[in-house]
Number of protein chains: 2
Amino acid sequence: MASPSGALTFAAAHRSRFVAELADLIRFPTVSADPRHARDLERCANWLARHLRSIGLEAVTVVQSPGPPLVLAEWRHAPGRPTVLVYGHYDVQPVDPLGEWRFPPFEPTLRGQDLYGRGASDDKGQLFAHVKALESYLRTAGRLPINVRCLFEGEEEIGSPHLGPFLQRHRRRLSADVAVVSDTRMLAPELPAITYALRGDLGLELEVSGPRRDLHSGVFGGAIHNPLQALCDLVAGLHGAGGRIAIPGFYERVRRWGEGERVAMARSGPTDAQVLQEAAARDGWGEDGYSLYERTTVRPAISVAGIVGGYRGHGVKAVIPSRATAKLDVRLVPDQEPLEIERLLRRHLDHVTPPAVRSSLRRTRVSRPVVIDLGHPALRAAAIAYEKGFGKAPVAIRSGGSIPAVGAIQDVLGVSSVLMGFGLADDGIHAPNERFHLPNFDRGIATSIWFLDEIAREAFEGPAAAARMPAALAEEGRP
Amino acid sequence: MASPSGALTFAAAHRSRFVAELADLIRFPTVSADPRHARDLERCANWLARHLRSIGLEAVTVVQSPGPPLVLAEWRHAPGRPTVLVYGHYDVQPVDPLGEWRFPPFEPTLRGQDLYGRGASDDKGQLFAHVKALESYLRTAGRLPINVRCLFEGEEEIGSPHLGPFLQRHRRRLSADVAVVSDTRMLAPELPAITYALRGDLGLELEVSGPRRDLHSGVFGGAIHNPLQALCDLVAGLHGAGGRIAIPGFYERVRRWGEGERVAMARSGPTDAQVLQEAAARDGWGEDGYSLYERTTVRPAISVAGIVGGYRGHGVKAVIPSRATAKLDVRLVPDQEPLEIERLLRRHLDHVTPPAVRSSLRRTRVSRPVVIDLGHPALRAAAIAYEKGFGKAPVAIRSGGSIPAVGAIQDVLGVSSVLMGFGLADDGIHAPNERFHLPNFDRGIATSIWFLDEIAREAFEGPAAAARMPAALAEEGRP
C-alpha cells in the first residue's frame, strides 16, 4: 500500500511551489455571476485540466456545459478499494465593492501567513489542497491508496444550475463510495470541523414596477406610487415581530429539534460572542428564542443581498424610478421545500402588493437543505485524518451556508459527502479582502493525504462502519 | 422703440439654424451630478459665452465658482426702461438608465416635431428660446426694447448649492425689476401656463451601516442585522396609513388652503386623469383627501430616488452588505422650513433605528417653497406675450417641482420671477428619452420676443400694475 509518509514529506518540501501554483489559479478572474468572465472561466478550466494531467491523473476532460465547463479526472488503479469523489469549484464570487479591497482581487498577495485574493479560500485554496495531496502521493508512491474521481465545476457561486442534469448524464462515470467536499470552515485555526448540515438556498429577484417610465419626483412625487418605496414596503413586510419571517406558512415544515440536539449544538458550536466576533458585528439580531448559531443553522432566514432601483450615481437625481428590484436570499432548513416556499412567497406578495404597482418574482437559484448522517463511515476517516493533519480532532458543526452540489451528489448519484472544511470564519469569503490562511493550506494537504490513507481501510457496507463511529461526533460534540 | 415684428420674421427665417445651434448646446454632456463631467460643463459655459457675444450681448463673462462656472451677459442701453433678468441652467440630469434611451442622450436626434436629447427640454431648449429671442431683436432692430441681464448656471440639477453666495457677491451687477425663468411646463402644446408656486426641496442621503465588512448571507443570515433590510424598514416607516408621512411634526406648518383656492385649483389645474396620463401610470397614489394635482403641489411628499446597497451586478451574490444608502427627495410646501424638517427626520430616525445598526443623514440639496404673487405686473406682460406667441392665454398653475434659483433670486436680490414654461408634461425630463417639442421652441421664441415688448410698456412701481392684472389669473383660472 502507498505510504502517506513519503507524500507528507514531498508536500512539505514543495510547499513554496504549491503556493505559487495556487496563486496562478487565483489569478483567473472566474466570476461566474458575470457573463463577461465566461472566457476566463474557460481558460481556468483548461489550466486546471492541464495541471491535473501533469500530476498524473488520468482521463482528464474539460466537459462543455450550458454554463462554464466542468473538469473531470480520475485515478482508478486500486481494485477492491473504495472510490472517493473529490468535488470543488473553481468559480468565485463577484469582487464588488472593489474599492474596499486592500489588494487587487486577482493579483494574489501574501501578507503574513495569509494569501489574499478572490477565491483564495472559497474555493480555490480548499480545492487545491486535495489536488496537491493527490500529487504528493502520485509523485512519491507512484500510486494512490484508493480510487479517486475529481469533479470541479465553475458555477457553484450562482447555484450550480446545470450540475444536476450533468450528474444525471454522467452517473456511471462519477460513481463513488463517498464524496469529499472542502468548501466549508473550521471553528479556529487550531480547531478543525466537519460540517454535517447545510441550509438550502432559494435565490429570488423581486421586481416591483409602476409607471412606464421614470418620472420627475418633484412633478409627480406624492401622486404616483414609487416602485422603490413599494419594494421597501414589501421587503420590510417579510419580517414581523420578534425577527420572525411574516410569510404565512413559512415555518410550517421547519423541523423541531429536540432538547438533546440543542444542548449538543450549544456545547460544540460557536457561542453568540464568537459569532459576533467572526462577523465583526457589535450586536446580534434575529428570531427570538434562539442562539445566533441556531439562527444561522437550524432556523431559516431571508436576506436582502442587493437592491437595484433609481439613481445610484454621484450626487442627486430627482426621480421616481419606473421599477426596482431586490435580490432575496432565502436560506432554508429541513424539512422546508424550496419550491413550496417560493409558492408561499408568491401568494403572500399577491396579497400585499398595493394596486398602484405590480410585483413579480424570478427564481435565480435553488438548493435543498442537507443533513449528513453522522454515522457514515467516511466521517470516521475524516476525523482521524484531521487529528493527524491538524493535531486535533474535529468538531461536528452545522453551517448556515449552502452547497448545491452536496444535495445533487446525494440525490442523483446516491453518494454522501464529507464536508471537510479548511476555511476560517474570518477568511472574508463573499466579501472584500478574501484570504486563505496558508497554514490551513499546508495542514489541509496533510489532512487530505491522511484521509486517502484512512479511507483505504474503510468498509463502506454493512453495520461495521457505524459501530466504529466516535460517539461524540454522532451527537455533535467534540470527539 | 424696437419692433417685435422684425424680430418675429427673423426668428421664423432662421428657424433651422436655431435648431442646429440648440443641438450643439445639447451635445455637451453637462451632467452636474457627476464630477467626471466637470470639464464638459466648463466647455459648455465657454460655448454659451461665445454664443452670447456673437449675438450682440455685452459684458459676457464666464464666472468661476466652486461648482461649474456661471455665464453672465447683459444689454443695458434702454435707460428708463425696465430690466429683466433672464435665468436658465445649462446643466442636465444624469442619463441613467442609459439602456432605455432610444437614441444616444448627447447626440440630439430629430423625430417628427421632437428633438430628443438629455437637457433638450430641461433646460437647454427653454433657456435657448430666450437667447434666440434676444438675437432676433438685436439682429433686426439693432437694440432691445428693455434692459436685459442673463444669468445661466451649471448646477441647478444638483440644487444650486453655490448660487445664493454668488448672488450675494454680485448683487449690484444682477439688479433687475423682474426675472424670467423658463424651466417649467405648460398644460398641453396648445395650452400655455404660468407657474406661480414651486415646492421646496430637501435632498438627503440616509445611510444605514452594520457589520464592518460584507458578510456571507448563508453563514450569517438570520443572526446579524442586514443594513439593507433595516434601510427598507426605515424607508417603509416614512409613510403611514392613508399615504401620510409618518414623521412626527412633519405636517405641523403645512399651510391650510381655503376652499376658494381648492375650487380654483380644481378648475384650472389638471384632473386626476390628466396627471395619470402625463405620468403614463395606471393608478394614482398618495395622501387621502386630496386630488393628484393637490398632492403634487400643495401637499408635501417624500420620494426614494435611489437605493445603493448590496450586490447590483449580474446574477446573484450571497451577501449581507455592511452598509446601504437611500437617496431621499423631500418636497416641501409653504410654510415648511427645510432645515426644521431635516431636524424632525433626524429625531424620528434616532427613535426608530434598531440598535443593531446605525443610521446617519447627509443633506445634499435644499431649497424653500416659493409662491409668486399673482398680482405682479410682469405676469400681465407674460400672459399677453403667451397669448400672442401661442394664440392662447395662459393658465396659472402650481408646480410640484423646485427651482432653487427662484427662491434665491427673491431672497438675495429681492426680485420676483415669472415662470414662463415652454416644456410639456411628456417631455420626459429627468427620464430616458427626454425631448423638446420644437413647436414650443418656435412659439417660445415668439413669446419671449412679445414678452420683451410687453415689459417695455410696464410700470413696476405703484398700484397701477396690480390693477391691470387679469382677474382670472389672480384667482388661478384661465384668463
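This is a short talk on a predicted model with two chains, A and B.

Hi everyone, and thanks for coming. Let me start with how the chains sit together. Chain B can be laid on chain A by a turn of 180° and a shift of 0.1 Å along the axis, and the RMSD after that is 0.1 Å. The two copies are therefore related as by a two-fold rotation axis. Which residue of chain B comes closest to that axis? It is Cys232(B), with its C-alpha at 2.2 Å. As for the interface, 100% of the interface residues of chain B are also interface residues in chain A, so the copies meet through the same surface.

Phe220(B) gives a nice view of how the chains touch. This residue is found in helix 6 of chain B, residues 217-220. Is Phe220(B) buried or exposed? Its relative accessibility is 4%, and under 20% counts as buried, so Phe220(B) is buried. Leaving aside neighbours within four places in sequence, Phe220(B) is in contact with Val275(A), Glu278(A), Ala279(A) and Thr296(A) from chain A, and with Leu215(B) and Ile320(B) from chain B. For a sense of scale, the C-alpha atoms of Phe220(B) and Ala12(B) are separated by 69 Å, with their positions 208 residues apart along the chain.

Now the part that some of you may want to dock into: the largest pocket. It holds about 610 Å³ of space. How many residues line the largest pocket? There are 27, and those nearest its centre are Gln277(A), Glu278(A), Ala425(A), Asp426(A) and Arg213(B). Glu278(A), then, is among the residues nearest the pocket centre and is also in contact with Phe220(B). Three elements of chain A each supply at least two residues of the lining: helix 8 (259-268), helix 9 (272-279) and strand 18 (435-437). By class, the lining has 10 nonpolar, seven polar and 10 charged residues.

Helix 8 deserves a look in the other copy too. In chain B, the buried residues of helix 8 are Ala264(B), Met265(B) and Ser268(B). Seen down the helix axis, these buried residues fall within an arc of 100°, so they line one face of the helix. What do they pack against? Their partners are helix 10 (292-297) and strand 16 (395-398) of chain B. On the other side of helix 8 of chain B, Glu259(B) and Ala266(B) are exposed.

Next, some backbone geometry to check before anyone sets up a calculation. Most residues other than glycine have a negative phi, and most peptide bonds are trans. Here are a few places that depart from that.

Two peptide bonds first. The bond from Asp122(A) to Asp123(A) is cis, with omega near 10°, and Asp123(A) is found in helix 4 of chain A, residues 120-141. The bond from Pro334(A) to Asp335(A) is also cis, with omega near 5°. Asp335(A) is found in the loop between strand 13 (323-332) and helix 11 (338-352) of chain A.

Then two positive phi values. Ala280(A) has phi near 55°, and this residue is in the loop between helix 9 and helix 10 of chain A. At 17% relative accessibility, Ala280(A) counts as buried. Over in chain B, Ser160(B) has phi near 50°. The loop that holds Ser160(B) runs between strand 6 (147-153) and helix 5 (163-169) of chain B, and at 8% relative accessibility Ser160(B) counts as buried.

I'll finish with two more loop residues. Where is Tyr251(A)? Its place is in the loop between helix 7 (227-236) and helix 8 of chain A. Tyr251(A) is buried, with a relative accessible area of 8%. Beyond its neighbours within four places in sequence, Tyr251(A) is in contact with seven residues that I'll simply read out: Gly243(A), Arg244(A), Ile245(A), Arg256(A), Glu287(A), Arg299(A) and Pro300(A). Tyr251(A) and Ala273(A) are 22 residues apart in sequence and 27 Å apart in space, C-alpha to C-alpha.

The other is Pro354(B), in the loop between helix 11 and strand 14 (358-367) of chain B. Pro354(B) is partly exposed, with a relative accessible area of 21%. Pro354(B) and Arg256(B) are 98 residues apart in sequence, and their C-alpha atoms are 35 Å apart in space.

That's my tour. Thanks for listening!

How values were computed: Residues numbered from 1 in each chain as written. Chains lettered and ligands numbered in written order. Predicted model: local features only at pLDDT ≥ 70, side-chain atom pairs only at ≥ 80, totals over all residues. Heavy atoms only, no water. 1 Å grid on protein atoms, 1.4 Å probe; cavity = no way out; pocket = protein on both sides within 12 Å on 5 of 7 lines; lining within 4 Å. Points joined across faces, edges and corners; volume = space filled by probe spheres on them. Helix = DSSP H or I, 4+ residues; strand = E, 2+ residues; numbered from the N terminus. Nonpolar A, V, L, I, M, F, W, Y, C, P; charged D, E, K, R; others polar. Least-squares fit on C-alpha atoms with pLDDT ≥ 70 in both. Contact = heavy atoms within 4.5 Å. Buried < 20%, exposed > 50% of the residue type's maximum accessible area, 1.4 Å probe, protein only. Arc of directions from axis to C-beta.
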